[in-house]
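This report describes the fold of a single chain, its sheets and a selection of its side-chain contacts. Please read it alongside the sequence and the model shown here.

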Amino acid sequence: MFISVRVSYLYCFLATCCYLCSMLANKNQERTSLAKLGEFGLINHLTEHFKIYSSSTQKGIGDDAAVISSSDKELLITTDLLIEGVHFDLSYMPLKHLGYKAVMVNLSDVYAMNGAAEQITVSIAVSNRFPLEALEELYAGIQLACDTYKVDLIGGDTTSSTKGMLISVTAIGKAKKEDVVYRNGAKATDLIVVSGDLGAAYLGLQVLEREKQVFQVDPKNQPDLDAYTYLIERQLKPEARKDVTELLKELEVKPTSMIDISDGLSSEIMHICSQSKLGCKIYEEKLPLDPQVIATSEEFNMDSTMIALSGGEDYELLFTVPIADFDKIKANPHLSIIGHMVEENQGMNLVTRANQEMELKAQGWNSFEE
């Protein structure tokens, strides 16, 4: 499992190369060149301990293609590409956490379709600065994610890179046709519901970036991260909300639309509104905020509401349900009703604590921005 949050992140800041965390305890440990194993030897080495969990996996790694048995269910497929320097920074992202997070990013999309994830493929490109031991750390995180969420690693690819590390994960899931939830099914008067809390991952990133700058100025500085434990964990080790889809089934609630919060709440609700041809009202006072988010927002002189709306990387589920399901949802500690859908001509607005309406804007993550 992962070492304690405070020790892990302090350790990374004091290290000159975070991606070698596993080797720092013994600085003289030999680095194993990837060229020594070759592509297929590397794949066999990194994946030999992965287990098969799904009965639909007929053949995983070891042939020209994976074999998945067909069924009467809909097949759900999603993929994400993570690039060093764009999506992650190895000066504070331990490789084991990176492997785990890369899987979570994709599983979250499957759960956002109200499906069950069953398999993943992982493709990586790495430069020659990464030894075998670094990739073992990466795949230890991937394996922990597979074991925790009971999904099968069934294939992928490895190649060289001149630009550091790139990771591409594809997740495959299934759902009964009648259970699949799209973004375009919301109806006017539907309640808007979100799981968990918002903004912590973004603030965790701000804390890590600040401490990186302090470390670059004074490598002897030892950051005290105790006050930010939850925020940093939400950034470096998020969890896909498989439990929420299971909870909704227990409550006998089927969302009319659903999306995961990767780019910020405002961006995601605008996707639902656009595809459902509706407007919405989000109530500021209903946004679920952890106390660490409120305290750290004040410390950074940021508005906690804007962070909740635009922060991103929370990987919570945002969905709409018929107003008739209000009694099933209202008292659940894992869910918050934050607004409702309205007719398209009423627009997409935030209702402030002062009861004023402000137009929502998509200010979340955009990988193509300068």
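## Basis of the description

Helices (H or I, at least four residues) and strands (E, at least two) are taken as DSSP runs and are numbered from the N terminus. The model is a predicted one.

## Overall architecture

The chain contains 12 helices and 13 strands. Of its 370 residues, 53% are buried. Among contacts with a separation of 6 or more, 86% join residues 24 or more positions apart. The accessible surface of the chain amounts to about 17,600 Å², and carbon and sulfur atoms contribute 50% of this area.

## The four-stranded sheet

One open sheet comprises 4 strands in the order β3-β6-β4-β5, and its pairing is mixed. Its edge strands are β3 (74-83) and β5 (152-160), each of which pairs on one side only. On average, and with direction ignored, neighbouring strands of this sheet are turned by 15° against each other.

Within this sheet, strand β4 (residues 116-126) runs antiparallel to strand β6 (residues 166-175), and the two are joined over 9 bridges. One position in this pairing is Val122, which stands opposite Val169 in β6. Helix α5 lies across β4, β5 and β6, and runs at about 170° to β4.

## The seven-stranded sheet

A second open sheet has 7 strands, ordered β8-β10-β7-β11-β9-β12-β13, again with mixed pairing. The edges are occupied by β8 (257-260) and β13; each has a single partner strand, so one side of each is left without a neighbour in the sheet. From one strand to the next, the twist averages 25°. Helix α8 (residues 242-251) packs on this sheet and touches β7, β10 and β11, while its direction makes about 20° with that of β10.

## Strand β7 and its partners

Strand β7 (residues 191-195) is mostly covered, with 5 of its 5 residues buried. In a regular strand, side chains alternate between the two faces of the sheet. In β7 both faces are covered: Leu191, Val193 and Ser195 are buried on one side, and Ile192 and Val194 are buried on the other.

Strands of a sheet pair through backbone hydrogen bonds, in either a parallel or an antiparallel sense. β7 pairs in the antiparallel sense with strand β10 (residues 317-321) over 4 bridges. In this pairing, Leu191 stands opposite Val321, and Val194 stands opposite Leu318. With strand β11 (residues 335-343), β7 also pairs in the antiparallel sense, over 5 bridges. There, Ile337 in β11 is the bridge partner of Val193.

## Aromatic and charged side chains

The model has 2 aromatic pairs. One of them joins Phe50 and Tyr139 in an edge-to-face arrangement, with 6.4 Å from centre to centre and 85° between the planes. Phe50 is located in the loop between α3 (38-47) and β1 (57-59), whereas Tyr139 belongs to helix α5 (residues 132-149), so the pair ties together parts that are 89 residues apart in sequence.

Both rings belong to residues that fall under the 20% limit for burial. Phe50 counts as buried because its relative accessibility is 14%, and Tyr139 counts as buried because its relative accessibility is 6%.

A further contact involves a charge and a ring. The charged end of Lys237 sits over the ring of Tyr100, at 4.5 Å from its centre.

## Loop residues with positive phi

Two loop positions are notable for their backbone angles. Glu313 is not a glycine, yet has a positive phi of about 65°. Glu313 is found in the loop between α11 (304-310) and β10.

Asn355, also a residue other than glycine, has a positive phi near 65°. Asn355 lies in the loop between β12 (348-351) and β13 (357-359). Is this residue buried or exposed? Asn355 counts as exposed because its relative accessibility of 63% is over the 50% limit.

Technical notes. Residues numbered from 1 in each chain as written. Predicted model: local features only at pLDDT ≥ 70, side-chain atom pairs only at ≥ 80, totals over all residues. Heavy atoms only, no water. Phe/Tyr/Trp six-rings, centres within 6.5 Å; stacked < 30°, edge-to-face > 60°. Buried < 20%, exposed > 50% of the residue type's maximum accessible area, 1.4 Å probe, protein only. Lys NZ or Arg CZ within 6 Å of the ring centre and 35° of its normal. Pairing = 2+ DSSP bridges. Axes fitted to C-alpha atoms, helices over the stretch in contact; angles between N-to-C directions. Contact = heavy atoms within 4.5 Å. Areas by Shrake-Rupley, 256 points an atom, 1.4 Å probe, with all protein chains shown as cover.
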